[in-house]
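Biologist: Got a minute to walk me through this one? Start with how the helices pack, then the rest.

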There are 2 protein chains.
Amino acid sequence: MELKLKLYNLKLRHVFRISRGEESIAPIIIVELHHDGIVGYGEAAPSMRYDENENTVINFLKKINVSKFDSPFEVDLILNYVNNIDSGNSSAKCGIDLAIHDWIGKKLKIPISNYFGFDRSILVTSSFTIGIDSEEMLVQKINEAEEYPLLKIKLGTADDKKLIKTIRKITDKPFCVDANEAWQDKNYALEQIKFLEDQNIIFVEQPMPENQIDDTKWLREKVNLPLIADENVKTLIDIPKIANAFDGINIKLMKCTGIREAMRMIHTSQALNLKIMMGCMIESSVAISAGAQLLPMLNYADLDGNVLITNDPFSGIKNEHGNLTISDFPGLGVEPNEKYFATTYL
Amino acid sequence: MELKLKLYNLKLRHVFRISRGEESIAPIIIVELHHDGIVGYGEAAPSMRYDENENTVINFLKKINVSKFDSPFEVDLILNYVNNIDSGNSSAKCGIDLAIHDWIGKKLKIPISNYFGFDRSILVTSSFTIGIDSEEMLVQKINEAEEYPLLKIKLGTADDKKLIKTIRKITDKPFCVDANEAWQDKNYALEQIKFLEDQNIIFVEQPMPENQIDDTKWLREKVNLPLIADENVKTLIDIPKIANAFDGINIKLMKCTGIREAMRMIHTSQALNLKIMMGCMIESSVAISAGAQLLPMLNYADLDGNVLITNDPFSGIKNEHGNLTISDFPGLGVEPNEKYFATTYL
């Protein structure tokens, strides 16, 4: 078994702005797992929110020696070893997890969603994310997103109500809202959500900062929109702590370390009666296709990272009007394109 | 896809007595899933505690029409259909779940423990169960169980302390204790466990009745032995309710409907910091081998059903001094023997 790495800079169609900051280039690392004549592809899309960038990912991945393992089927053995190298580094770990799953699916000649035995007949529609922007750009972006029936709007601006009113002048589509921890005062958060209750909103994601879990609990008892935890839930062990403060969780492969942990989180959410959303970072079709393989287990999906970029190095999942079609190709169902092959190994 | 059923009467080496009753014959139903030239084997071992017997199992299984499904890979689709036929019937449902997993493993040519990517290097020792009996028989049984380093003792007799003292005259082996809901008064339960604390005991299983969860919570705060839930936890949704009253759960394939639900329960127990035990009914090597495939995920195992019988219709898992060796054969790793082939289909 051997790992090979490539750095690839995803270019964003628009500068992407949320309450914390903005970006126009998103560096990712593609992990190739070579074994037995098969290449499994994985992806690490680091986020500063979780103290990662392309350098931390490369440093972490270079510490991994997979030559001591017999086969990628030794999933727990390999992933426990990777996990114990260091804490954090969740997107780097995800790169390994995805490459293993892609390899296994290819070896067994089945898509990962079949490997897990999912019912592929019921797939939720993915939302399309609109970042924070000027009123003029917002109008342009929403017009550009005409093909998507479900939007996700980033909030946390100086005047969120005004932003929503602007959107509602252009479209009456349902949308989800993501405050990315922006509302730090519980009464202010309550006022925002009370306003949103009449605006055809599906749910509100992470209204308050991660460390204000008691305020979020207070808030939840007073509002009639589901609250979804994002920054408050990274991995499995975070879920029981927030079960009384939120109605659901946003699982992201890049923060939870991959498909294996995502499955644990899905099962635990089922036990605790929490809705399951899967979100993403700015990601290529490798990671988005991986997330889409779990689509049958989701109540909500926001898997649009690959349609926000202009230079996707892979093809895989198809996004048609927010409907994701899981490929019948084995593994994650992804194929590198020419741009990718032109990139050299690290 | 086609199902075929056989009824088989397991004969117990000794009459098996617990606090609720006794048995010398344990009827099981073997489920054969035929598809694509492969036969997947499953087993239903019904228990009156969960309102099942051989007739309820046969009636339930005869309602199932699998011909409408394309492939056993459609696990969720098939199992959701089976689940929705009726509530309860957990061992009958387990028969289908096991047959599907055996079929998938055979189709993919890998043991189920590899299919799940478990680390097979760490396997806990299984206990060997000693039912309730006369002092004389107890001595005989414990001597017969000499090869097993870890025993599980059934309690709930008129004088459990005397029973333990009798055992401690013969052996100082560690053992687990199972009261099967027998101690109905919390102060009495406390007195029993306080006595057990000095007796080299691993844990106490289900000390009090299922509906006395508050008493069990009270008890747990006062004792220094782990309490394991058995009758209190059937499936996934039962786990959060008992997380504060017990230190772990006993998952049995026959009460939880099979491997698929068992995996959900394992993941949720990890999230809630509960120890994971897997137990069994009186079962043939089909169901015991299925349980043993999950061994790498367990903190405790009591998978001895097949060594308590004299006419096992299958061979599979090897139990050597309580150490279970997972076969490298695909699927559940079981093979029918001649006795089984002599049995006619229902």
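Modeller: Helix 2 of chain A and helix 3 of chain A pack at an angle of about 170°, so they are roughly antiparallel to each other. Keep in mind that this is a predicted model.

Biologist: How far apart are the axes of helix 2 of chain A and helix 3 of chain A?

Modeller: The axes are 10 Å apart.

Biologist: Is the crossing of helix 2 of chain A past helix 3 of chain A left-handed or right-handed?

Modeller: Right-handed.

Biologist: Which residues make the contact?

Modeller: From helix 2 of chain A, A:Val75, A:Ile78, A:Leu79, A:Val82 and A:Asn83. Helix 3 of chain A answers with A:Lys93, A:Ile96, A:Asp97 and A:Ile100. By class, that contact holds six nonpolar residues, one polar and two charged.

Biologist: Now chain B. What angle do helix 1 of chain B and helix 3 of chain B make?

Modeller: About 50°, with the axes 8 Å apart. Helix 1 of chain B covers residues 54-62, and helix 3 of chain B covers 90-108. The two are therefore oblique to each other. Helix 1 of chain B passes helix 3 of chain B in a right-handed crossing.

Biologist: And which residues of helix 1 of chain B and helix 3 of chain B meet?

Modeller: Helix 1 of chain B brings B:Val57, B:Phe60 and B:Leu61. They meet B:Ser91, B:Ala92 and B:Gly95 in helix 3 of chain B. Those contact residues split into four nonpolar and two polar, with no charged ones.

Biologist: Switching topic. What domains is chain A divided into?

Modeller: Domain 1 spans 2-109 and domain 2 spans 114-336. Taken over C-alpha atoms, 22 Å separate their centres. The contact takes 37 residues from domain 1 of chain A and 35 residues from domain 2 of chain A.

Biologist: Which elements supply the domain 1 side of chain A, at least two residues each?

Modeller: Three strands and two helices of chain A do: strand 1 (2-18), strand 2 (21-35), strand 3 (38-44), helix 2 (75-85) and helix 3 (90-108).

Biologist: Where does the largest share of that side come from?

Modeller: Helix 3 of chain A, with 13 residues. Helix 3 of chain A also packs against helix 2 of chain A, as we saw. By class, the side of domain 1 of chain A that touches domain 2 of chain A has 18 nonpolar, nine polar and 10 charged residues.

Biologist: On to the dimer contact. How many residues are in contact between chain B and chain A?

Modeller: 23 residues of chain B are in contact with 23 residues of chain A. On the chain B side, helix 2 (75-85), helix 9 (239-242) and helix 11 (259-271) each supply at least two residues.

Biologist: Which helix of chain B gives the most to that side?

Modeller: Helix 11 of chain B, with five residues. By class, the side of chain B that touches chain A has 13 nonpolar, six polar and four charged residues.

Biologist: What turn lays chain B on chain A?

Modeller: A turn of 180°, with a shift of 0.0 Å along the axis and an RMSD of 0.0 Å. The two copies are thus related as by a two-fold rotation axis.

Biologist: Which C-alpha of chain B is nearest the axis?

Modeller: That of B:Thr268, 2.3 Å from the axis. The same surface serves both copies, too: 96% of the contact residues of chain B recur in chain A.

Notes:
Residues numbered from 1 in each chain as written. Chains lettered and ligands numbered in written order. Predicted model: local features only at pLDDT ≥ 70, side-chain atom pairs only at ≥ 80, totals over all residues. Domains from an automatic or database assignment. Contact = placed C-beta atoms within 7 Å. Helix = DSSP H or I, 4+ residues; strand = E, 2+ residues; numbered from the N terminus. Nonpolar A, V, L, I, M, F, W, Y, C, P; charged D, E, K, R; others polar. Least-squares fit on C-alpha atoms with pLDDT ≥ 70 in both. Axes fitted to C-alpha atoms, helices over the stretch in contact; angles between N-to-C directions. Parallel < 35°, antiparallel > 145°, perpendicular 65-115°, else oblique. Left-handed = near helix turned anticlockwise from the far one by under 90°.
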